[in-house]
Amino acid sequence: MKSYKVDKLQVEIYENRTLMGQASARDIKAKIIELLSKKQEINMIFAAAPSQNDVLKALVEDKEIEWNRVNAYHMDEYIGLSKDAPQGFGNFLREHIFGLVDFKSVNYIDCTATDPEKEAQRYGKLLDENPTDIVVMGIGENGHIAFNDPPVADFNDNKTVKSVELDQVCRQQQVNDGCFSSIDKVPTHALTLTVPTLVRAPYLFCIVPAKTKANAVYETLNGSIDEHCPASILRKQENAKLYLDNESSKLL
């Protein structure tokens with residue numbers, strides 16, 4: 001494992017994605033235990049993507065975490081999918097963690113909402129009233145965090161959750177990840193937690209494996225800190241940690 005800092009962001013590089021997932025899960029568990037020693041319950045936000053499979057698997061397999069004192073949220077969701085669509089991010093998380101451990105509560109964004117703005121306000125109010133303690137996240141091929149693609153990302157966004165149009169790189173990633181058979185099947189719009197909503201959490205754990213993310217990782221760590229690569233904002237966060245494998249880090 002190689003470890004170093006870029007600005008305020010702690011970076012750790014592992015030999016493969018399994019070791020990366022296990023290490024990030026250990027750190028997340030330690031932070032959960034620390035926070036639960038000081039308060040009765042905590043709030044966590046999870047990303048939904050194949051890149052998160054390793055960390056989610058390791059977290060689920062750990063039987064010592066008191067999930068019954070954790071309230072769970074997710075960070076984005078397509079607009080217009082059916083409630084049972086396997087590509088829905090809430091459904092992905094239900095399959096990989098939300099339905100496998102005993103959370104105190106699980107709070108879903110409604111992908112079937114006929115009024116996306118109203119749903120954004122509802123979920124945003126929920127997050128504002130229950131401040132986040134931990135975010136478990138990834139980075140997209142275009143450098144997005146949640147569905148804050150470069151064209152819609154705003155480091156000074158005044159909204160907590162908003163409706164966005166997805167860019168082509170983001171939509172193609174969903175095909176590359178095997179979630180959709182072709183780009184015309186990928187929804188064009190989604191609800192997303194905004195950049196300020198994500199980074200106001202005191203602890204950020206960002207897990208990014210695979211060669212398809214190598215360019216985004218390079219730009220996150222070496223490019224300018226601005227919306228051209230939304231993930232670059234992680235370099236300004238005091239308690240953020242980026243976990244990479246041998247493939248996502250190959251350009252560093």
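In which helix is the place of T220? T220 sits in helix α7, which covers residues 214–222, where helices (H or I, at least four residues) and strands (E, at least two) are DSSP runs numbered from the N terminus. This is a predicted model, in which local features need pLDDT of at least 70 and side-chain atom pairs count only at pLDDT 80 or more, while totals for chains, interfaces and linings use all residues. Residues are numbered from 1 along each chain as its sequence is written, and side-chain values use heavy atoms, with hydrogens and water left out.

T220 is buried, with a relative accessible area of 0%; buried means under 20% relative accessible area, exposed over 50%, and partly exposed in between, for a 1.4 Å probe and protein chains only. Leaving aside residues up to four places away in sequence, T220 touches I139, C229, A231, S232 and R235, contact being defined as heavy atoms within 4.5 Å.

We turn next to the sheets. Strands of a sheet pair through backbone hydrogen bonds, either parallel or antiparallel. Here two strands are said to pair if DSSP finds at least two bridges between them. One open sheet has eight strands in the order β1-β2-β11-β10-β7-β3-β4-β6, and its pairing is mixed. At the edges stand β1 (2–6) and β6, each with a single partner strand, so one side of each is left without a neighbour in the sheet. From one strand to the next, the twist of this sheet averages 20 degrees; axes are lines fitted to C-alpha atoms, for helices over the stretch in contact, and angles run from 0 to 180 degrees between N-to-C directions.

Within this sheet, β1 and strand β2 (residues 9–13) run antiparallel and are joined by five bridges, with V11 as the bridge partner of Y4 and E12 as that of S3. The hairpin formed by β1 and β2 has two residues between the strands, and D7 in this hairpin takes a positive phi near 55 degrees. In a regular strand the side chains alternate between the two faces of the sheet. In β2, L9, V11 and I13 point one way while Q10 and E12 point the other way, and all are buried. Strand β2 also runs parallel to strand β11 (residues 240–244), to which four bridges join it, and V11 has L242 as its bridge partner in β11. Further along the sheet, strand β7 (residues 134–137) and strand β10 (residues 203–208) run parallel and are joined by four bridges, with V135 standing opposite L204 in β10.

Another open sheet consists of three strands in the order β5-β9-β8, with antiparallel pairing. Its edge strands are β5 (76–78) and β8 (161–165), each of which pairs on one side only, and the twist averages 20 degrees from one strand to the next. Three bridges link β5 to strand β9 (residues 189–193) in the antiparallel sense, and A190 in β9 is the bridge partner of Y78. Helix α4 (residues 116–129) packs on this sheet, touching β8 and β9, and its direction makes about 140 degrees with that of β8. Helix α4 also lies across β3, β4 and β6, running at about 145 degrees to β4.

Helix α3 (residues 89–98) is mostly covered, seven of its 10 residues being buried. The buried residues in α3 are F89, G90, N91, F92, L93, I97 and F98. Their cover includes β3 (42–46), α2 (53–61), β4 (70–74), β5, β6 (105–107) and α5 (168–176).

Finally, there is the question of empty space inside the model. A search of the whole structure finds one cavity of 30 Å³ or more. A cavity is a set of points, on a 1 Å grid over the protein atoms alone, where a 1.4 Å probe fits but cannot get out, and lining residues have an atom within 4 Å of a point. The largest cavity holds about 200 Å³ of space, a volume being the space filled by probe spheres set on the points, which are joined across faces, edges and corners. Among the 19 residues that line the largest cavity, A48, A49, D76, H144 and Q173 are the closest to its centre. The lining divides into nine nonpolar, seven polar and three charged residues, where Ala, Val, Leu, Ile, Met, Phe, Trp, Tyr, Cys and Pro count as nonpolar, Asp, Glu, Lys and Arg as charged, and the others, Gly among them, as polar.

Conventions
1 Å grid on protein atoms, 1.4 Å probe; cavity = no way out; pocket = protein on both sides within 12 Å on 5 of 7 lines; lining within 4 Å.
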